[in-house]
Amino acid sequence: MTAHVEYLAEAVTKSLPPIITSLSVAALPLMKIVKHCEDAFPLPVSGQLLGMDVDRVLEVTNCYGFPGAAGRGGGGEGANPFADPTGDDAAACTAALDQSQYQTDMMRCVQEVNIDPQVVGWYTSTGASCGAFLTQQWIETQFSYQNQLRNAVCLVHDPVRTSEGTLCLSAVRLTDAFMGVFRRGDFSSAGFSLASVDATRIITSVPITLFATSLSSAVLVDCEYAPPFSGAEDVELSRLGLNDRAGVEASLEYAIGELDGITREQGRYPFFLRSYVRASPAVAEKLRAKRLAGTDTGPIGADDEETGLAGLLASESSRLESKMVVAELTSVLDTVKLLASEEMGKQSCVGSLQTQDVLGED
Amino acid sequence: MSTDIFLSGDDTSVRAVRVAPVVLLGVVDHYMRRAAGKHRVIGTLLGVFHPHDGSVDVTGSFPVPHDENADEIAVDIEYNRTMVDLHRNVSSAHAIVGWYATGTETDGNSVLIHEFYGRECAAPVHLLVNADLAAVATAAAASADAADTSSGAANGSGKTVAGVPSPAAPRAYVSSAYTIGEVALRSEFRPVPVAVTPTTPDKVAMDVLFKNRRRLEAAQVDNIQAGLSRLLDLLTVVGRAVDAVVAGEATGDVAAGRFLAETLALMPRVDSHVFDKLFGDNMRDLLMVTYLCSFAQAQLPIAERLLSVDVKALKQ
């Protein structure tokens, strides 16, 4: 699509930092997202966020789901509304065209009933993947959004942890530094290190607050004390059940899988290193010394002329994937630690119940 | 009236309606965004009809533009059809199950709209949500004057003050047509029981919304702590009630007493050695998990370094 190319070309020339500093989500879109993600579970789904930016706060006032998970299975190409339909795959092409038709129809419809017709971002469900969402496709989609809308955010919702009792919703953006790297398309070590981007600086999160209009608040007040939300049905109490071990185990297993990914990457990377070594004997000397010393690649202290370096790095495989795995692993491990500490809290509670006998007899 | 005895209304087979909270929020949002001069809004309800027990699950909704005056009504059929098609793209499981309107009572136009939805699905449900808070407030004030026994919000959403339901207590109707032979005499809206039924994720999200409304910041880590302190509060209440009964200040409730005894009996009484071992094992497992996670996290920056060449250093 020509428009696609045009905005890419336009965006290369200018860099737009975001204006917003926080995100305000209304009750309706929150519930809609939770519902959509839950209905489609375990398939990951995504959808459009509608709202408006007021000064430095991005207000999300409504949303709608993207087709995809239900019909074609797995979100697929359908998740990216800016997808380039001139791709070689015919099916992807039709999907992208369907998608853009859907977008147009939906936008026309929401406008007719006075819903804010401005796209402010998108939401995605992490499905069954333990809160991990960072994939090549996610980055591409988010890049397209941020390229077109400087304030675009992505709301990431984890339906698994929400069902367990903790609303797990975060708003993320790609950092400006990473946007620059992605725009240049240079995923070599040089590309990342020149922009000072490492795994922890690919995405950044935006603080979320919730708000409800007066009428929605009225509904919430009435619901809060209604039977399905209070008494024995109070989530605050059902959360205390000692059954989260499965959550810890699943997350841990996922983390182990990711660690395997790193190991595979470590197995592949030496192929590049070898050619790297062969092409620059001066570097090779140092490197061999390092290798003998036991440290794998380490920082290389050799001098190298500019042209030779570019040629060397040309054959380097994309570093994006390994950075993504590292970033993802960091967040998954954080989740495991959080789950484990929650579990420990509950354990201690049970422990004190058993030692301080409530019946008063020994 | 007496003739009605000999006529049976059409059996619409809908016996109960369950509404997801998101539908109510959708309705009030639509009402808030209504065009100037509109006194009510309508929309389509999506969901699933269970024929075996005659219940309807309403899981979604969307607004439909309409125009009405005293004796004319126009529903945007085209819009409705487009939206249904669009929703079908996202979730094929949901079909039209009825329609919603805001207000406190049905009128002649409701019948016409209901007839329209009768063509879209077999047994449409009409959900009436009162979004007019002023009416609720007036009615509440009136009834508070009449009887001072109102116990405030604690009685919850089921409370209907002088015929004016709160926004969270919608009413549902199905229509029955009275006929003699082929001649349609009249139709009537028959109320059916309706319940707001949140799923677990719904409840979790609403819990955060409740807290947010009370200006409580709900950090994820503090969830357990909040839950425990809530449990403690409840136990204090129970303890106080039991103490009062023991001291003879209040008469004991047999049912409550039995329930308490049963609850206490539920607590497993484990031998302290066995428990210590179990407790220690579990704790050690969790501590090991935490330790390994921290360890792996510490290794990650090194792994990242190993998976790239340091070009900056190379250039210096």
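A polar contact here is a pair of N or O atoms within 3.5 Å; within protein, one has to be able to donate a hydrogen and the other to accept it. I'm keeping that at the top of the page, and also that this is a predicted model.

**Entry: polar pairs.** I looked up the count between chain B and chain A, and I got eight residue pairs in polar contact, both partners at pLDDT 80 or more.

**Entry: who supplies chain B's side.** Elements giving two or more residues to the side of chain B that touches chain A include α1 (21–32), β3 (55–64) and α2 (77–90) of chain B. Further along chain B, I also noted α5 (200–213), α6 (223–246), α8 (272–306) and α9 (311–315). The largest share of that side, 18 residues, comes from α8(B). Sorting the residues of this side gave me 56 nonpolar, 22 polar and 18 charged.

**Entry: the whole contact.** I find 96 residues from chain B and 116 residues from chain A in the contact. Together the two chains bury about 9700 Å², with 69% of it on carbon and sulfur atoms.

**Entry: salt bridges.** How many salt bridges does the rule find across the interface of chain B and chain A? I got three. I checked the pair B:Glu304 and A:Lys323, which forms a salt bridge with its closest N and O atoms 3.0 Å apart.

**Entry: one helix in chain B.** I turned to α7 (residues 254–266), which has 13 residues. From first C-alpha to last, α7 of chain B reaches 18 Å, close to the 18 Å expected at 1.5 Å a residue. At the start of α7(B), I saw a side-chain oxygen of B:Asp253 reach to within 3.1 Å of the backbone nitrogen of B:Ala255.

Definitions and conventions
Residues are numbered from 1 along each chain as its sequence is written. Chains are lettered from A and ligands numbered from 1 in the order in which they are written. This is a predicted model: local features need pLDDT of at least 70, side-chain atom pairs count only at pLDDT 80 or more; totals for chains, interfaces and linings use all residues. Side-chain values use heavy atoms; hydrogens and water are left out. Contact means heavy atoms within 4.5 Å. Buried area is the accessible area (1.4 Å probe) that two parts lose on being put together, summed over both. A salt bridge is a side-chain nitrogen of Lys or Arg within 4 Å of a carboxyl oxygen of Asp or Glu. Helices (H or I, at least four residues) and strands (E, at least two) are DSSP runs, numbered from the N terminus. Ala, Val, Leu, Ile, Met, Phe, Trp, Tyr, Cys and Pro count as nonpolar, Asp, Glu, Lys and Arg as charged, and the others, Gly among them, as polar. The expected span of a helix is 1.5 Å times one less than its number of residues.
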